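User: I've got a model open and would like to talk it through with you. Could you take my questions one at a time?

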Amino acid sequence: MEKIIVIGAGIGGLASAYFLGKAGFNVEVFEKEKEENLAYDWHDDVAPDIFQRLSIPLPDKKFYFPKHDWSFVPPHSKYYVAVHSTGERDISIDRKELSRMLVELAKPYAKINFGTAVQSLIIKDGSVAGVKVEGNKKSASLVIDSSGALSPFRKSLPDSFMIEKEPRPDEVFYAYRGFYERLKDIEVKEHTHKVYLRHLGEKGISWCRRDSADQADILIGRVDKLEKSVIDNALNELKKDNPDVGEKVVKAGRICVIPVRYPLLKMVGDGYAAIGDAAFMTIPMLGSGIASSLLAGFLLADTVIKGGTKVDNLWNYQVRFFHEAGAKHMGVDVLKRWMLKAESQDIKFLFERKVISQTDMERAGSGNLVKMPFKELLKKVAAGYSRLGLLLRLKKVIKNMQKAVECGLEIPQTYDMEAIKLWQSRVKKFYE
Ligand SMILES: Cc1cc2nc3c(=O)[nH]c(=O)nc-3n(C[C@H](O)[C@H](O)[C@H](O)COP(=O)(O)OP(=O)(O)OC[C@H]3O[C@@H](n4cnc5c(N)ncnc54)[C@H](O)[C@@H]3O)c2cc1C
């Protein structure tokens, strides 16, 4: 059977290794971290239906709990938009346990080398032919790049692949996450999980969530870069607004990178496929990427199982991903960019007047389109005629979101480089 190499034991890498190995491919995973250091030491939210769809078991119940309702706070405001979980309740899952479970699933079918960093790709005659690891060359028919948002491998691909090498600085979110002791004598009864949009008017979000009685989970995320002074200032302000958050750091904070943009417009080349954060598969509004990485792991494996590792077949993986999730992410990215660029006073106005509602935030946060007919828009904000200019701008943004989704769905169905080039340039126009 053909050899397939996976770089990185992230969610997408492990899922594809499991499905491909199970189908009989000779799969080898290289992960630079030791097994015990894999993944984050915290809980993250995910919709559980993806596990059912892929017939992957959920970890034991003790490793997850129902996701709490979030309250969105507009910039410089005391107003809250509470977002309730809809349908089947999302869960907050222990990331270490999720990774451990995926490793256990994949292990019988794939060789997983922990503590082994891939150094570079081997490029031969314009195709990816394998990887270099610890000075040795390892050949493969397909290399799956699951090495994260700033993949150095994507960067080293030949230009002829037409794969974007790097995200623009404002398409990446730098997030500090730390856990702080909660002061026992201060009770918090409502809005226990707050997301501060454009916190302090800056380009990004912060959150304070309380999943446990003794710890507050703090996140400070900004696009482009995150200076220490920005973290310190935001932390101070969060503590003022959440007086139960104490000084003591329970779990050391770390800074992570999350892509917050539309997916890569070309995820595959000869001998190469990007997946997960390396293919920018996160939902641009909040940076959720677990479900789409799992989905992509399945789609990539299924595509290869059905049609092999040649690039014209690999393209079907990307087409399927865009139809299931990528096109919607493109729409959400239009809204996200506008929210980052708009004046904080305008954002505040739209939330306080309920022009942007709880349902809109639910939809955008879960990667879906915001639907707001203009008549309804005007009805929602009777006093908003004074801000007609703002409403018209918002109307345009919403129309652009729909157009972006339509454009995403018009992805060429076959691997035709000219058609792909044309489609890429049409897509990019939405984000110039
Ligand atoms: C603070 C934060 C909060 C988040 N919250 C959520 C959430 O609530 N819900 C949600 O769905 N998503 C969330 N995400 C996003 C989610 O973590 C990612 O989208 C998801 O993990 C997909 O990652 P991946 O499969 O691309 O692999 P990653 O998790 O990025 O893993 C990449 C792996 O590649 C390895 N690697 C890198 N370079 C090499 C190399 N040279 N050789 C070998 N191995 C290498 C790394 O060590 C790592 O293990 C959050 C992310 C962060 C940072």
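User: Is Lys203 buried, exposed or partly exposed?

Analyst: One caveat up front: this is a predicted model, where local features need pLDDT of at least 70, side-chain atom pairs count only at pLDDT 80 or more, and totals for chains, interfaces and linings use all residues. Residues are numbered from 1 along each chain as its sequence is written. A residue is buried if 20 or more other C-beta atoms, placed from the backbone, lie within 10 Å of its own, exposed if 12 or fewer, and partly exposed in between. Lys203 has 14 or more to its name, namely 16 C-beta neighbours inside 10 Å, so the class is partly exposed.

User: Where is Lys203 placed, and which residues does Lys203 touch?

Analyst: Lys203 sits in the loop between β14 (193-197) and β15 (204-209); strands here are DSSP runs of E with at least two residues, helices are runs of H or I with at least four, and both are numbered from the N terminus. Contact means that two C-beta atoms, placed from the backbone, lie within 7 Å. Leaving out residues up to four places away in sequence, Lys203 touches Arg222, Val223, Asp224 and Leu340.

User: What is the phi of Asp224?

Analyst: Asp224 lies in the loop between β16 (215-223) and α5 (228-241), and is partly exposed with 14 C-beta neighbours inside 10 Å. Most residues other than glycine have a negative phi. Asp224 goes the other way, with a positive phi near 75°.

User: And what about His76, what is its phi?

Analyst: His76 is in the loop between β5 (70-73) and β6 (81-83). With 14 C-beta neighbours inside 10 Å, His76 counts as partly exposed. His76 isn't a glycine, yet its phi is positive, at about 50°.

User: Which residues touch the most other members of the largest nonpolar core?

Analyst: A nonpolar core is a set of buried Ala, Val, Leu, Ile, Met, Phe, Trp, Tyr and Cys residues joined through C-beta atoms within 7 Å. The largest one here has 123 residues, and helix α7 (residues 311-341) gives the largest share, 12 residues. The two that touch the most other members are Val143 and Ala273.

User: Which domains does the ligand lie between?

Analyst: The protein is divided into domain 1 (3-64 + 92-164 + 266-327), domain 2 (170-259) and domain 3 (333-407), with bounds from an automatic or database domain assignment. The shell around the ligand has 35 residues, the closest being Gly8, Gly10, Cys256, Gly276 and Gly289; a residue is near the ligand if its C-beta atom, placed from the backbone, lies within 6 Å of it. Two domains both give residues to that shell, so the ligand lies between domain 1 and domain 2.

User: How many residues do domain 2 and domain 3 each put into their contact?

Analyst: The side of domain 2 that touches domain 3 has two nonpolar, one polar and two charged residues. Here Ala, Val, Leu, Ile, Met, Phe, Trp, Tyr, Cys and Pro count as nonpolar, Asp, Glu, Lys and Arg as charged, and the others, Gly among them, as polar. The contact takes five residues from domain 2 and four residues from domain 3.

User: What is the radius of gyration of the protein?

Analyst: There are 12 helices and 19 strands in the protein. The globule rule, 2.2 Å times the number of residues to the power 0.38, gives 22 Å for 432 residues, so the protein is as compact as a globular protein of that length. Taken over C-alpha atoms, the radius of gyration is 22 Å.
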